[in-house]
Amino acid sequence: MSGAAPTDPLPIRLAGLARVELRDPLFISDLHLAAAAPATLARFLRFCEEEATAHAELLILGDLFEYWIGDDTLDDEADAVSRRAAAALRALTGRGVRVYVMHGNRDLLLGAGFLRATGAQLLADPAVASIGGREVLLAHGDAWCTQDVEYMRFRASVRQEATQRQFLASPRAARLAFMGAARVQSEAGKRAKAMEIMDVTPSAVDEALRASGQRLLIHGHTHRPAVHRFSIDGEPAERWVLPDWDFDAADPRLRHGGYLAAGATSWRVVALAG
């Protein structure tokens, strides 16, 4: 499976699609696939073989992986997670399902090599989709967590060309070590923050919808799935938050995952059994 090529642009330089036409899409996000979560990986592989094949499009709105240190991951025979996930997506696109992927905060280094390996297309963040004539704004969601000042500062840094170039030029072992330390620090930081700080800021969401001219939004990132109905300038608006996946929780009652099926006439969030 081919990974990064010397001529590939930096991930931050890739031009994602700003607008897509969809017929019968499924939306997922925040699977955080990793070697430490084998049951979640297995459920994703089955999802690609079963649920996703019955639809025209699959849209992954960020954080498919727990981390991504570069597309050369796909050339590492020891990294079964990335290779199996990429092969599952390649099988989907090979069957005619259009797959779209958006950068998340954990896998923002997904690049041209990953797109080649899977046959997926990159979405801009945010992007606008048309579903049966109904337009909706799509995003990962982390750009609107403006109350978490520390995270927003980090987010701006890792989206700099110089930062990505320096990181991707580092040896694989150094990148893995950095990512491991960053994950530990991130989890420790989360425990010290109120959930509201790590959630999207309503005023930031309102501004994004105004700027796009949309009143319907789908996003992930927060791990707080819900449908929020509100108003902007007197107009009704909706915000659909996608469920995260975790089928490896020690307590079976806490295992969860799901997707949004957005048809022309009805939308529904479907919970997946393990």
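Strands are taken here as DSSP runs of E spanning at least two residues, numbered from the N terminus, and in this predicted model the strand β1, which covers residues 17-22, contains E21. With a relative accessible area of 54%, E21 is classed as exposed, because the threshold for that class is over 50%. Once neighbours within four places in sequence are set aside, the contacts of E21 are with E57, R98 and S130. A further long-range relation links E21 to V128, since the two positions are separated by 107 residues in sequence whereas their C-alpha atoms lie 8.8 Å apart in space.

The interior of the model was examined next. The largest nonpolar core comprises 45 residues, of which F44, F47, L89 and F114 touch the most other members. Two or more residues are given to this core by each of β2 (25-28), α1 (38-49), β3 (57-60), α2 (80-94), β4 (98-102), α3 (112-118) and β10 (258-262), and the largest share, 6 residues, is that of α2. For F47, the contacts that remain after its neighbours within four places in sequence are left aside are L26, I28, A52, L58, W245, Y259 and L272. A second core of 20 residues, separate from the one just described, has L22, L59, M102 and I218 among its members.

Attention then turns to the segment around α7 and α8. The loop between α7 (195-198) and α8 (202-212) holds D199, an acidic residue whose relative accessibility of 15% places it in the buried class, because that class extends to values under 20%. The side chain of D199 is engaged in a polar contact with the side chain of R224, at a distance of 3.0 Å. When residues up to four places away in sequence are not counted, D199 touches W144, C145 and T222 in addition to R224.

Within α8 itself, the buried residues are A204, V205, D206, A208 and L209. Such a pattern may be read against the general geometry of helices: an α-helix has 3.6 residues a turn, so residues three or four places apart point the same way. The elements that cover the buried residues of α8 include the strands β6 (134-139), β7 (216-219), β8 (226-232) and β9 (235-241). Just after α8, the backbone at G213 adopts a positive phi of about 80°.

Key:
Residues numbered from 1 in each chain as written. Predicted model: local features only at pLDDT ≥ 70, side-chain atom pairs only at ≥ 80, totals over all residues. Heavy atoms only, no water. Core = buried A, V, L, I, M, F, W, Y, C linked by side-chain atoms within 4.5 Å. Buried < 20%, exposed > 50% of the residue type's maximum accessible area, 1.4 Å probe, protein only. Helix = DSSP H or I, 4+ residues; strand = E, 2+ residues; numbered from the N terminus. Contact = heavy atoms within 4.5 Å. Polar contact = N/O pair within 3.5 Å; in protein donor to acceptor, adjacent residues only side chain to side chain.
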